[in-house]
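Here are a few short exercises to work through with the model open in your viewer. Try each one yourself before reading the solution.

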Amino acid sequence: MSADGLIVVDKPGGMTSHDVVARIRRLARTRRVGHGGTLDPMATGVLVIGVGRATRLLTYVIGAGKSYTATIRLGQATVTDDAEGDVIASTPAGTVTDEAVRAALAALTGEIDQVPSAVSAIKINGQRAYKRVREGESVELPARRVTISRLDVLAIRRDTPDVVDVDVDVTCSSGTYIRAIARDAGLALGVGGHLTALRRTAVGGFTLAEAATLDALEQRAPDVVNLPLDAAAGRFFPRRDATPEEAKVLSHGGPLDPAGIAGPYAVFGPDGGLIAIVSERDGRARAEIVLAPA
């Protein structure tokens, strides 16, 4: 069985994030596997998978900033805001200037209120929004505050009559929908827009450079974890080293004196093993999760 830790997977197109989890469960020979942030079936790229005790780190991975490359097609709107949905409106976009395209995308950067795509995994009264849409319901989701810290236009292509394809590179906060950027840019330009390609290039500090394909993981199964628990926590969190006495207290869930580190942070024992993820409040350093082996 695989060790506890994280796997940075380069997800192929055509698979759901749950499909990838199911494959890793088989390869790692354990049911205790989860993912740190859904990718649509159409999307490819970085999907962080947790195995064993490292599944408890995934809540932090989900909240990390993310980067993507994507292609926005202007001139067509779809029901899903991406290429997987039916086209619901076509408006010739050939006369839209490069300057107008850049201005529309620039207006979608910074801290903005974004309405998620109706065909999303967000739950409404316990049911996924996409399920309600597929059952014929009209779904309106409330806007949420997101931060798009970088939105670079890489290319504007006019290879097909009446549509404009825009390649972009985006860095954003967790909860941002790249499909919604395509939709909103198209709305602002009056021609509609949707996403035709999406590749996630980074989640927090985890990038495509260290991502493994499922085929590569298949070759080395069951030894599929490429970031053991201690190393994963050391990469993702600020570090604090505990004395033997502190390690004993913390491993039993007790608080430590504060160290003035902006949390959450990882506390390691004298042996270098991860004990807990800790945050400081009310003058004490308290464990959010204890990860030391029982």
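**Exercise 1: two helices in contact**

In this predicted model, A100, V101, A104 and L105 of α3 touch I181, A185, A188 and L189 of α5. Work out what kind of residues make this contact, and how the two helices are oriented.

*Solution.* Start with the residues: the contact sorts into 8 nonpolar, no polar and no charged. Next, take the axes of α3 (residues 98–106) and α5 (residues 178–189): they come within 9 Å and cross at roughly 125 degrees. Now classify that angle: roughly perpendicular covers 65 to 115 degrees and roughly antiparallel means over 145, so α3 and α5 are oblique to each other. Last, the handedness: α3 passes α5 in a right-handed crossing.

**Exercise 2: an annotated stretch**

Find which residues UniProt lists for "domain: tRNA pseudouridylate synthase B C-terminal", and describe the chain there.

*Solution.* The UniProt record, an unreviewed entry, gives residues 179–219. Over residues 179–219, helix makes up 41% of the chain and strand 32%. The end C-alpha atoms of this stretch sit 34 Å apart.

**Exercise 3: a ring pair**

A search of the whole structure turns up 3 aromatic pairs. Take the pair F206 and F236: how are the rings arranged, and which parts do they tie together?

*Solution.* The ring centres of F206 and F236 are 5.6 Å apart, with the planes at 10 degrees. Planes under 30 degrees apart count as stacked, so this pair is stacked. Then place the residues: F206 is in strand β13 (residues 206–207) and F236 in helix α7 (residues 229–236), so the pair ties together parts 30 residues apart in sequence.

Technical notes:
Residues numbered from 1 in each chain as written. Predicted model: local features only at pLDDT ≥ 70, side-chain atom pairs only at ≥ 80, totals over all residues. Heavy atoms only, no water. Axes fitted to C-alpha atoms, helices over the stretch in contact; angles between N-to-C directions. Helix = DSSP H or I, 4+ residues; strand = E, 2+ residues; numbered from the N terminus. Parallel < 35°, antiparallel > 145°, perpendicular 65-115°, else oblique. Left-handed = near helix turned anticlockwise from the far one by under 90°. Contact = heavy atoms within 4.5 Å. Nonpolar A, V, L, I, M, F, W, Y, C, P; charged D, E, K, R; others polar. UniProt positions renumbered as here; feature names shortened; annotations may be inferred. Phe/Tyr/Trp six-rings, centres within 6.5 Å; stacked < 30°, edge-to-face > 60°.
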